[in-house]
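Subject: The structure I promised you

Hi,

Here is the structure we talked about, so you can open it next to this email. Have a look around first, then read on for what turned up.

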Amino acid sequence: MNGGISFWYADDGLPAVREPLGGDLSADVVIVGGGYTGLWTAYYLKRAVPSLRIVVLEGRFCGYGASGRNGGWLYNGIAGRERYARSHGREAAVRLQRAMNGTVDEVIRVAAAEGIDADIHRGGVLEVACTPAQWARLRAFHEAESAFGEEDRELYGARETAERIRVADAVGSSWTPHGARVHPAKLVKGLAAAVERLGVVIHESTPVTEVRARRAVTPYGTVRAPYVLRCTEGFTAGLKGQRRTWLPMNSSMIATEPLTAEQWASVGWAGRETLGDMAHAYMYAQRTADGRIALGGRGVPYRFGSRTDDDGGTRAETVRALREVLVRMFPSLAGVRIAHAWSGVLGVPRDWCASVVLDRSTGVGWAGGYVGSGMATANLAARTLCDLVRLDAGQGGRTELTELPWVGHRVRRWEPEPLRWLGVRGLYAVYRAADRRERSSRSAESSRLARVADRVAGRG
């Protein structure tokens with residue numbers, strides 16, 4: 001199957017769509033976007049102040065975007081940490097990282113408390129290196145993560161890596177316990193139900209066309225509220241005036257048919273860690289609860305004019321490329337059938353930094369720019385946005401979260417077309433070329449091509 005939103009919905013079923021907005025409405029807080037960020041924000045605000053009238057507006061259905069299409073990595077990665085270390089000091093960045101470490105625990109805690117069965121398995125995150133250059137980057141990455149407070153991270157050589165998972169040509173890996181495998185659609189559907197039980201009103205099939213000071217405008221009416229929170233991540237470019245705010249980066253995935261016992265014996269992966277690599281055009285994967293491998297990568301990274309895909313449809317060449325990655329890592333699976341392919345978009349700021357902002361003069365707030373690390377980051381961002389609203393409304397004071405360095409961060413807009421299309425497509429062509437060069441050269445030095453691309457992209 002190609003598209004159909006994602007494999008996760010093919011596996012668990014599409015949700016029944018809630019009623020659209022029926023006309024103008026007033027609320028205390030209106031949240032634009034029914035993905036993880038919007039739903040978590042509604043959850044924590046309603047738990048903290050039960051009397052709040054909170055309305056969530058969603059263009060299709062809750063979890064239609066990245067929240068229902070992602071790779072199911074609940075882990076402690078966060079976009080922009082090194083930049084925040086430079087701008088706010090190292091200790092501030094360490095506090096941000098420690099908050100992210102604890103966020104993995106928080107999501108698992110709430111899922112259990114709310115009775116959300118999302119196939120969560122806490123096996124940690126294993127990131128492998130398959131070339132000398134990747135191994136050098138992985139050791140540097142491991143040291144950096146340890147220096148930012150991950151004292152429990154472990155570094156493995158080739159033999160120890162193979163004992164966990166038999167990735168062809170793997171020369172080493174780095175493992176953190178701060179990660180879990182999740183079924184994304186089950187989590188977002190359970191979270192939406194939990195929010196409704198608390199009394200939050202959700203209107204689906206209600207696309208917001210514009211966010212203004214203290215109002216969200218839709219074709220069916222306007223919702224007015226002291227606080228309007230934009231939680232649209234990769235779909236932000238569809239709002240009036242936001243075309244160049246965050247770039248909707250495309251990511252694509254495949255899911256295999258369920259593997260046999262013999263195939264799993266050839267692969268290992270008994271710990272069910274989420275799996276990544278140190279390539280420049282990197283991959284990410286999980287072992288699903290029903291015994292498949294779900295694997296993703298960038299595919300066609302960007303569509304001209306910041307357009308998004310149509311219900312997850314994925315090009316044949318992208319499916320072939322992802323299959324090649326799968327077979328290169330696990331040659332014993334050369335004959336395995338690909339059962340599903342799909343795509344989605346994630347939000348990328350120009351400086352690759354996630355952020356949380358509340359403009360007190362307009363009541364407009366936003367959170368996002370997770371650059372592909374949103375499953376856990378959305379929860380931390382939502383709790384931060386909740387505390388900022390409560391602080392501004394006089395219903396709470398400053399907290400550890402309101403003092404994190406990503407609060408209030410703003411960044412310049414992306415370049416106009418066709419510059420951003422040419423730039424993004426060119427950058428990922430360079431990254432793929434750099435990976436090919438590293439695989440063939442066996443040099444321990446990262447490709448100069450990738451270093452130049454990083455500088456041009458504004459990463460790091």
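Which residue in strand 12 does Leu25 stand opposite? The partner is Val223. Before going further, please keep in mind that this is a predicted model.

**The sheet of 4 strands**

Leu25 is a good way into this part. Strand 1 pairs with strand 12 in the parallel sense, over 2 bridges. Both belong to an open sheet of 4 strands, and if you walk across the sheet you meet them in the order 1-12-11-10, with mixed pairing. Strand 1 (25-26) and strand 10 (210-212) are the edges: each has a single partner strand, so one side of each has no neighbour in the sheet.

Now move along to strand 11 (residues 215-218) and strand 12 (residues 221-224). These two run antiparallel and are joined by 4 bridges. A hairpin of 2 residues takes you from strand 11 to strand 12. Try finding two of the facing pairs on screen: Thr218 stands opposite Gly221, and Arg215 stands opposite Arg224.

**The sheet of 6 strands**

There is also an open sheet made of 6 strands, in the order 9-3-2-13-20-19, again with mixed pairing. Its edge strands are strand 9 (201-203) and strand 19 (355-359), each of which pairs on one side only. On average, neighbouring strands in this sheet are turned by 15 degrees against each other, ignoring direction. If you want one pair to zoom in on, take strand 2 (residues 29-32) and strand 13 (residues 227-230), which run parallel and are joined by 4 bridges. There, Val32 has Arg230 of strand 13 as its bridge partner.

**Helix 4 and its contacts**

Two packed helices are described by the angle between their axes and the distance between the axes. Helix 4 (residues 90-113) and helix 10 (residues 374-392) pack at an angle of about 105 degrees, and their axes are 9 Å apart. That makes helix 4 roughly perpendicular to helix 10, because angles from 65 to 115 degrees count as such. On the helix 4 side, the contact uses Leu96, Ala99, Met100, Thr103, Glu106 and Val107, while helix 10 brings Ala376, Thr377, Asn379, Leu380 and Arg383. Sorted by class, that contact has 6 nonpolar, 3 polar and 2 charged residues.

Helix 4 also meets helix 3 (residues 81-88): their axes come within 6 Å and cross at roughly 145 degrees. Arg81, Tyr84, Ala85 and His88 of helix 3 touch Arg90, Ala92, Ala93, Leu96 and Gln97 of helix 4. By class, this contact has 5 nonpolar, 2 polar and 2 charged residues. Leu96 is worth clicking on, as it appears in the contact with helix 10 and in the contact with helix 3.

**The second largest pocket**

Last stop: the second largest pocket, which holds about 670 Å³ of space. Which residues lie nearest its centre? They are Ala281, Val325, Arg328, Asp435 and Arg439, out of 33 residues that line the pocket. The lining divides into 14 nonpolar, 6 polar and 13 charged residues. Strand 17 (293-297), helix 9 (316-329) and helix 11 (419-441) each supply at least two lining residues. Helix 9 gives the most, with 8 residues.

Have fun exploring, and write back if you get lost!

Cheers

Note on methods. Residues numbered from 1 in each chain as written. Predicted model: local features only at pLDDT ≥ 70, side-chain atom pairs only at ≥ 80, totals over all residues. Heavy atoms only, no water. 1 Å grid on protein atoms, 1.4 Å probe; cavity = no way out; pocket = protein on both sides within 12 Å on 5 of 7 lines; lining within 4 Å. Points joined across faces, edges and corners; volume = space filled by probe spheres on them. Nonpolar A, V, L, I, M, F, W, Y, C, P; charged D, E, K, R; others polar. Pairing = 2+ DSSP bridges. Axes fitted to C-alpha atoms, helices over the stretch in contact; angles between N-to-C directions. Parallel < 35°, antiparallel > 145°, perpendicular 65-115°, else oblique. Contact = heavy atoms within 4.5 Å.
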